[in-house]
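Me: Could you take a close look at one part of this protein with me, the aromatic rings? I am new to this, so please explain the terms as you go.

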Amino acid sequence: MAFAPSSTLLRALLGACVLGAEALAGSYYREADSYSTTRDPDPPRYVGPATQSPASFLNGFKWLDVGLDYRLRYEFRDDDIRRDVEGVDEPLLHRTRLYLGVRELVDPLRFAVEIQDSHRYGSRFAKDNRDVNELEAIRAYAELYLKDWLTVDARGNARPISLRYGHHNFEFLDRRLLGNNQWRNTANAFRGWHGRIGQEANDWQVDLLSVQPLERLLYDPDRPAEGKRLWGAIGHWRAWSEVATFEPFYLRLDDRSVAGGGRVVHSPGLRVYGRFGRSGFDFDAAGIAQFGRNGGQEVAAWAANAEVGYRFADAWKSRLSCFFGAASGDRSPTDGRDHRFERFFGFGRPWSANDYVVFENILAPKLRYEATVTTALRFDLGYSWYRLQSATDRFYNAADNRDPTGQAGRNVGHEFDLRLRWQATPRAEVTLGYAHFVAGEWTRRQVRPGDTDFAYLELLLKAF
């Protein structure tokens with residue numbers, strides 16, 4: 001018996017495809033509408049061609065990409081649950097980045113270097129590598145770039161092949177597993193190989209990774225983490241991006257430093273995002289399984305997240321979204337199985353405006369509203385509820401982070417946050433933010449009974 005779709009459904013699907021084709025023009029790539037999942041581009045967002053630089057002496061260097069930015073952030077934290085003592089802390093964070101990239105001058109060889117200098121002043125606590133990493137090369141690689149070895153895609157976009165070796169500062173997928181942590185004052189960086197077939201404009205693309213994470217040292221050059229290596233294969237299927245983009249992936253983390261035979265975590269997964277035609281609704285969902293071994297234990301973990309949003313047809317282009325994220329936690333340290341999800345090297349803060357939550361042992365429903373008041377002024381506000389997936393496993397960022405008996409319960413707490421961003425000039429942005437955390441039963445028993453407050457003022461300047 002043949003299946004005949006209704007004419008209404010067929011017209012809706014065709015309409016979605018036509019709308020997407022018009023929006024994409026020659027490129028298959030479409031960004032996800034989900035909150036804070038847009039990857040930092042390559043080269044970074046603060047970088048541009050030297051020919052477009054306001055510094056006239058650079059205008060003749062057609063083969064050069066250049067960028068320079070500076071970020072200053074004042075923070076006010078009252079009773080931060082990541083600290084083992086109460087009270088107010090008022091750190092002042094400085095971050096400076098410089099990027100230079102050479103392309104097309106000596107093709108097929110290309111080069112790039114990015115230097116980051118991170119400092120912290122005024123805090124009452126000892127300095128750590130979340131905030132301090134002085135004068136470090138977070139990107140320094142040589143690249144073999146073969147633009148025309150493969151045929152173009154159906155829209156005429158070249159499908160290049162590239163192979164890079166050196167230091168990398170990259171982001172993949174929705175940034176929850178591999179991100180450079182833009183919010184944090186220091187960056188995730190890696191040393192090793194990054195191969196790529198295709199580019200973002202193509203209908204399909206594959207990224208291949210074999211890298212070691214770099215240990216962030218406060219004052220000395222960063223070095224590869226001894227015995228650790230990350231392997232990855234990340235696909236991007238955009239042929240149907242008018243409706244949905246598919247990103248299947250496989251990650252593997254090896255850590256030979258773990259006693260009892262080392263630790264190996266295999267992590268296959270799939271991310272899918274897109275829009276429901278002209279309805280105004282969008283979606284972004286991912287599921288991840290993990291298996292392997294952790295010393296003498298068997299790894300059996302999982303994670304999933306989903307977001308559905310609606311874009312209003314109003315002057316503010318506002319969007320209301322509902323998100324739910326979950327990652328498994330360990331049930332018992334003595335049962336021979338490790339159920340704690342391996343979070344790899346993903347972002348932290350979008351899980352929590354206070355930067356309290358990481359992608360492990362968590363259940364996190366969220367509501368968020370975003371709006372663009374003018375071309376220069378945007379704001380968003382949100383509500384989050386945090387619960388432990390396993391009451392007997394740790395809550396990573398708390399000062400006293402695990403109750404193996406489970407008697408403290410699962411309710412970590414509720415969070416309300418607000419952020420305003422003002423693009424004062426094309427090269428200057430000011431951000432003002434506030435977050436209030438209401439302690440749940442677990443936090444009151446394990447850390448302290450009071451709520452916490454966090455406010456910050458940030459200035460970001462770009463030279464080019």
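Which residues do ring pairs link into a cluster?

Reply: Happy to help! This is a predicted model, where local features need pLDDT of at least 70, side-chain atom pairs count only at pLDDT 80 or more, and totals for chains, interfaces and linings use all residues. Residues are numbered from 1 along each chain as its sequence is written, and side-chain values use heavy atoms, with hydrogens and water left out.

The cluster you ask about is made of Phe170, Phe172, Phe190 and Phe345, linked by ring pairs. Rings of Phe, Tyr and Trp (its six-membered ring) pair if their centres lie within 6.5 Å; planes under 30 degrees apart count as stacked, over 60 as edge-to-face and the rest as tilted. By this rule there are 21 aromatic pairs.

Take Tyr165 and Trp193: their ring centres are 4.7 Å apart and their planes stand at 50°, so this pair is tilted. Tyr165 belongs to strand S7 (residues 161-168) and Trp193 to strand S8 (residues 190-197), so the pair ties together parts 28 residues apart in sequence. Strands (E, at least two residues) are DSSP runs, numbered from the N terminus. Tyr165, at 41% relative accessibility, counts as partly exposed, and Trp193 has 43% and is partly exposed too. Here buried means under 20% relative accessible area, exposed over 50%, and partly exposed in between (1.4 Å probe, protein chains only).

Now look at Tyr310 and Phe312, whose ring centres lie 4.9 Å apart with planes at 90°, so the pair is edge-to-face. Tyr310 is partly exposed at 28%, and so is Phe312 at 33%.

Methods
Helix = DSSP H or I, 4+ residues; strand = E, 2+ residues; numbered from the N terminus.
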